[in-house]
Structure formats: structure tokens, C-alpha cells
Amino acid sequence: MARRLSPEGLALIVICTLDALSTYLFLVMGIAREANPLLRTAADVSPCFFLMVKLLTYLPAIAMAEWQRARYPQLVQTVLRLVLVVYLTTYGALVLPQLFR
């Protein structure tokens, strides 16, 4: 039986995907610079390669968390919520200032 994706897992997928798409857009427009050297190299190769590498940085982790949710529901929910807070805080502290220079 297929399990439903948790609201936290879905939120992370949406936020990370929007981050990936907006990052590439900002790179193309020259508004921002990718700080991660691996992702910077991937962006230099091609848009498709950049997005593939970026997706591989978060989708497996979310899938693993969702898989473990059946066994440790409270722990996984707490960890995913913490990850959401840390991700959004980091984005706000490191990415947004680049956009408003």
C-alpha cells in the first residue's frame, strides 16, 4: 500500500525545487553567484545538469526520511520541521542579501 507524503516532506520538496529553479534563473541573470563549488561547476556544464545535481542533493534524503516515517513518525516529523526552519533561515540569511545588493 502506498503511503502519502507528509506535509513536511512535501513542503521541503516544493521549497527545494523552487530554490533550484530560482537559483538557476538568478545565475543566468547574473543576480547571484552559486556559493557551492560543486553546484557552480554543474551550472557551468548545462541547466539540465545543474538541476539534476541539485535534485540529487535533496530528493534522496527526503525519500529516506519518508521511508523511516512509518517506523519513527514523531522523530521524522520533528527532524523535517527542523530542516525546514534551518533551510529557510539559511536561505534568508545567505541568498536574499545577494538579491538586494
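Which residues make up the largest nonpolar core? The close-ups below, all taken from a predicted model, start there.

**View 1. The largest nonpolar core has eight residues in all.** Here you'll find Leu-12, Cys-16, Tyr-58, Ile-62, Ala-65, Val-76, Leu-80 and Leu-84. Helix 1 (7-29), helix 3 and helix 4 each chip in with at least two residues of this core. Nonpolar side chains tend to be buried together in soluble globular proteins.

**View 2. Another core, of six residues, lies apart from the largest one.** Look for Leu-39, Ala-43, Phe-50 and Val-53, which are among its members.

**View 3. Helix 3 packs against helix 4.** Helix 3 covers residues 47-69 and helix 4 covers residues 73-99. Their axes sit 8 Å apart, at an angle of about 150 degrees, so the two helices are roughly antiparallel to each other. On the helix 3 side, Ala-65, Glu-66, Gln-68 and Arg-69 make the contact, and helix 4 answers with Pro-73, Val-76 and Leu-80. Sort these contact residues by type and you get four nonpolar, one polar and two charged. Zoom in on Ala-65: neighbours within four places in sequence aside, Ala-65 is in contact with Val-76 and Leu-80.

**View 4. Cys-16 and Cys-48 stay unpaired: the whole structure has zero disulfides.** Why is there no bond from Cys-16 to the closest cysteine sulfur? That sulfur belongs to Cys-48 and is 18 Å from the sulfur of Cys-16, which is too far for a bond. Their settings are worth a look too. Cys-16 is buried, with a relative accessible area of 3%, whereas Cys-48 counts as exposed at 60% relative accessibility.

Notes. Residues are numbered from 1 along each chain as its sequence is written. This is a predicted model: local features need pLDDT of at least 70, side-chain atom pairs count only at pLDDT 80 or more; totals for chains, interfaces and linings use all residues. Side-chain values use heavy atoms; hydrogens and water are left out. Axes are lines fitted to C-alpha atoms, for helices over the stretch in contact, and angles run from 0 to 180 degrees between N-to-C directions. Helices (H or I, at least four residues) and strands (E, at least two) are DSSP runs, numbered from the N terminus. Angles under 35 degrees count as roughly parallel, over 145 as roughly antiparallel, 65 to 115 as roughly perpendicular and the rest as oblique. Contact means heavy atoms within 4.5 Å. Ala, Val, Leu, Ile, Met, Phe, Trp, Tyr, Cys and Pro count as nonpolar, Asp, Glu, Lys and Arg as charged, and the others, Gly among them, as polar. A nonpolar core is a set of buried Ala, Val, Leu, Ile, Met, Phe, Trp, Tyr and Cys residues joined through side-chain atoms within 4.5 Å. Buried means under 20% relative accessible area, exposed over 50%, partly exposed in between (1.4 Å probe, protein chains only). A disulfide is a pair of cysteine sulfur atoms within 2.5 Å.
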